[in-house]
Amino acid sequence: MLDGYNRQINYLRISLTDRCNLRCFYCRGVTDFSFIDHSEILTYEEFLHLARLALKLGVDRFRLTGGEPLVRKGAARFVGQINSLPGVKDVSLTTNGILLERYISELKEAGLRRINISLDTLDREKYQKITGYNGLSQVLTGLELAVRTGFNPVKVNTVILRDFNDDGESLSQFINLAFKLPVHLRFIELMDFSPVKGLFVSATEIFKKLKDSGLIREAELEPVFVEGSGPAAHHYRLPGMKGTFGFIAPYSHHFCGACNRLRLTADGQLRTCLFSTRSYDIKAVLRRGAGDEEIIALLKKALAEKPGSWQEANGQLTGKGLRSVGG
Ligand code: SAM
């Protein structure tokens with residue numbers, strides 16, 4: 001299915017829950033403990049119903065996210081259910097890794113092949129400062145298990161935060177991780193809707209720091225394609241590296257022209273652009289018992305109205321944070 005700008009839209013991120021077992025200060029802040037009422041959150045059956053309709057429109061790749069998807073009971077089973085819908089080409093999961101050890105076998109049995117783990121520091125104290133929880137060793141256990149269990153690719157998403165993880169020591173720990181394990185490290189630019197300001201570091205600055213500190217030599221960089229990486233990601237390998245490292249730079253390198261994404265929030269709001277607050281209330285239509293044709297018509301309308309660029313979407317941001325759109 002093409003949107004109004006001839007982009008092939010084939011990817012839907014589904015936020016399974018707005019609940020999270022971490023309190024990353026830059027994500028939703030440390031004081032916002034409000035949650036969507038359980039009755040407002042879509043049931044797995046409702047998600048599956050919408051996934052079937054999206055498949056009819058050509059969406060055949062799904063990413064499950066949150067909140068923290070693994071805190072929702074039955075998440076691993078749901079992976080299996082969505083994965084077995086006819087026509088699905090890919091299902092992936094974005095997790096903070098805290099519960100990975102508990103669910104890794106179930107996820108594997110459910111047919112999940114690849115996984116993204118969010119990890120902003122490899123320092124135990126900094127981890128606690130950023131997330132409010134002393135859980136680094138749990139995440140590292142989950143990460144190593146994911147590799148050993150055969151998930152491929154395993155990606156590590158690191159949001160760059162000034163004065164937290166942009167220093168030489170932090171960068172060196174991350175680069176070493178990519179030498180040690182076949183994981184794909186991605187340095188991600190902090191997006192504006194963070195409740196804290198002044199922490200943004202551009203991907204270009206990180207690249208320069210990596211070069212200036214001697215951690216990488218530009219001439220030795222081999223560009224690598226990593227499966228399932230969106231239009232914004234660029235990955236490289238250094239000689240001897242088991243994994244890769246790369247950058248996702250939504251701010252310094254916009255990729256709207258290649259955007260193939262839709263997002264569905266836990267409470268059934270469809271978002272067509274991360275930079276816009278415009279949403280389509282799919283849940284309301286679904287729960288008043290509308291037929292499939294009506295729901296499909298709404299999905300088509302949303303697609304047709306997907307902004308062509310972040311500039312077009314701009315000015316509509318609420319600053320509510322990623323949990324409102326499903327990170
Ligand atoms: N709990 C899961 C996890 O940690 O991967 C999924 C949801 S979480 C919101 C998804 C990702 O969004 C995490 O990697 C988090 O670091 C990132 N994130 C949160 N706020 C962000 C922001 N303002 N800019 C960029 N990334 C952000």
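Q: Which strand is T94 found in?
A: In this predicted model, T94 lies in strand β3, which covers residues 90–95.

Q: Why is T94 called buried?
A: T94 has a relative accessible area of 11%. Buried means under 20%, so T94, at 11%, is buried.

Q: What makes the pair T94 and R63 a polar contact?
A: Their side chains come to 2.8 Å from each other. A polar contact needs a pair of N or O atoms within 3.5 Å, and the 2.8 Å between the side chains of T94 and R63 fits that limit.

Q: Which residues does T94 touch, not counting those up to four places away in sequence?
A: R63 appears here too, along with R13, L64, T65, P69, N116 and S118.

Q: What is the order of the strands in the open sheet of twelve strands?
A: The order is β7-β8-β9-β6-β5-β4-β3-β2-β1-β10-β11-β12, and the pairing is mixed.

Q: Why are β7 and β12 called edge strands?
A: Each of them, β7 (222–224) and β12 (279–281), pairs on one side only.

Q: How do you know that β7 and β8 pair?
A: Three bridges join β7 to β8 (residues 233–237), and the two run antiparallel. Pairing takes at least two bridges, so the three between β7 and β8 are enough. As one example of bridge partners, E222 is matched with R237 in β8.

Q: Which strands does helix α5 touch where it packs on the sheet?
A: Helix α5 (residues 136–148) touches β4 (114–118), β5 (154–159) and β6 (183–188). The direction of α5 makes about 150° with that of β5.

Terms used:
Residues are numbered from 1 along each chain as its sequence is written. This is a predicted model: local features need pLDDT of at least 70, side-chain atom pairs count only at pLDDT 80 or more; totals for chains, interfaces and linings use all residues. Side-chain values use heavy atoms; hydrogens and water are left out. Helices (H or I, at least four residues) and strands (E, at least two) are DSSP runs, numbered from the N terminus. Contact means heavy atoms within 4.5 Å. Axes are lines fitted to C-alpha atoms, for helices over the stretch in contact, and angles run from 0 to 180 degrees between N-to-C directions. Buried means under 20% relative accessible area, exposed over 50%, partly exposed in between (1.4 Å probe, protein chains only). A polar contact is a pair of N or O atoms within 3.5 Å; within protein, one must be able to donate a hydrogen and the other to accept it, and residues adjacent in sequence count only if both atoms are side-chain atoms.
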